[in-house]
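Please read the points below with the structure open beside you, and look up each residue as it is named. They are written for someone who is new to reading helix packing.

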Amino acid sequence: MKKSDLIPKLEEWILEQRLQEYAQTTLNQYRANVQKFIDWLPEDEQLTKDTMLKYKMHLGEVAGSTSSINTWIVEVNKFLKWLDQKDLCLKKIKMQSKQSNEEVLSIADYKRLLRFAKRNGDHQLYYIMKILAMTGIRVSELRYFKVENLKSNYIDAFNKGKERTIIVRQDLMRELKKYAREQGIKEGFLFPSTVVRGKMVNISTIWRHMKRIAGQAKVKKSKVHAHSFRHLFAQVFLNTYSNNITELADILGHNSLDTTRLYTRTSDAQKREKLEKMRFENNE
């Protein structure tokens, strides 16, 4: 196989992934990363294992992190397997497991973000952050927060090929209903787009506004990412209900407890705060 053989196959592969109901953002990422691989390939070179090893070395030179390299490897491997070229697949780079997560939101960070969002009159962002922190949902699951679904504290969601129930506590539900009334939102998405009628606000717009608020609130922008609020939710849950990781996994919609444990890791500063509260006084 050569570069010219792969070019027409890419869109065919993407179409098949779409039929398997992958999210559009996932499809866009697949297309972009596999296209980078195809663009890198020499024009007339036969695709071999040696070619793939050279590509891996290339990734090491241009990628910003090991996790980025592994993401590209995984997605190119999927494409190669689809092409029935499994023997050309690359191994991921082994990463040392980190026992600390330095890019997680603390309760203080969260409260500052809320305070500045409210100060700016950004009510939409204020309630989006509250939902993310108080339910532990993925940001893509915000689309299930519609006025029609606020009649129950249990919202059915379908994500990553499975159905699950999002549980909304009563005080948050009351706030969301009040927000909908005050904003005059009588049906459809609770957070509608101001650009495209009938659509939810774009996820990239949410993160852009959140980064702006983080800058104003003096919260590290690197802490505001796709999983930061799920990390926060997991930590607060386990601080309240210690050793109940199985129930937390169910709430977060995880099939594996190993995945849930990644969300429970704290920063070194948070670990130190807990150590400071330990008492070793001599009571003799």
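The points that follow take up three helix pairs and then a cavity.

1. Before anything else, please keep in mind that this is a predicted model, and that the descriptions below concern that model.

2. Start with helix H3, which covers residues 49-62, and helix H4, which covers residues 66-82; their axes come within 10 Å and cross at roughly 150°. Because angles over 145 degrees count as roughly antiparallel, H3 is described as roughly antiparallel to H4. The crossing of these two helices, H3 and H4, is right-handed.

3. The contact between them is made on the H3 side by Met 52, Tyr 55, Lys 56, Leu 59, Gly 60 and Val 62, and on the H4 side by Ile 69, Trp 72, Ile 73, Val 76 and Leu 80. When the residues of this contact of H3 with H4 are sorted by class, 9 are nonpolar, 1 is polar and 1 is charged.

4. Next, turn to helix H5 (residues 107-119), which packs with helix H9 (residues 228-240) at an angle of about 125°, the axes being 11 Å apart. That angle makes H5 oblique to H9, and H5 passes H9 in a left-handed crossing.

5. Which residues of H5 and H9 meet? From H5 they are Ile 107, Tyr 110 and Leu 113, and from H9 they are Phe 229, Leu 232 and Val 236. The residues of this contact of H5 with H9 divide into 6 nonpolar, with no polar and no charged residues.

6. H5 also packs with helix H8 (residues 203-217), and here the axes come within 9 Å and cross at roughly 105°. Because angles of 65 to 115 degrees count as roughly perpendicular, H5 is roughly perpendicular to H8.

7. In this contact, Arg 112, Leu 113, Phe 116 and Ala 117 of H5 meet Ile 213, Ala 214, Gln 216 and Ala 217 of H8. The contact of H5 with H8 holds 6 nonpolar residues, 1 polar residue and 1 charged residue. Leu 113 deserves a second look, since H5 uses Leu 113 in meeting H8 and also in meeting H9.

8. Finally, consider the empty space inside the model: how many cavities of 30 Å³ or more does a search of the whole structure find? The search finds 1, and the largest cavity has a volume of about 40 Å³. Its lining is formed by Leu 132, Ile 137, Val 139, Trp 207, His 225, Ala 226, Phe 229 and Arg 230, which by class gives 6 nonpolar, 1 polar and 1 charged residues. Phe 229 lines this cavity and also takes part in the contact of H9 with H5.

Notes:
Residues numbered from 1 in each chain as written. Predicted model: local features only at pLDDT ≥ 70, side-chain atom pairs only at ≥ 80, totals over all residues. Heavy atoms only, no water. Axes fitted to C-alpha atoms, helices over the stretch in contact; angles between N-to-C directions. Helix = DSSP H or I, 4+ residues; strand = E, 2+ residues; numbered from the N terminus. Parallel < 35°, antiparallel > 145°, perpendicular 65-115°, else oblique. Left-handed = near helix turned anticlockwise from the far one by under 90°. Contact = heavy atoms within 4.5 Å. Nonpolar A, V, L, I, M, F, W, Y, C, P; charged D, E, K, R; others polar. 1 Å grid on protein atoms, 1.4 Å probe; cavity = no way out; pocket = protein on both sides within 12 Å on 5 of 7 lines; lining within 4 Å. Points joined across faces, edges and corners; volume = space filled by probe spheres on them.
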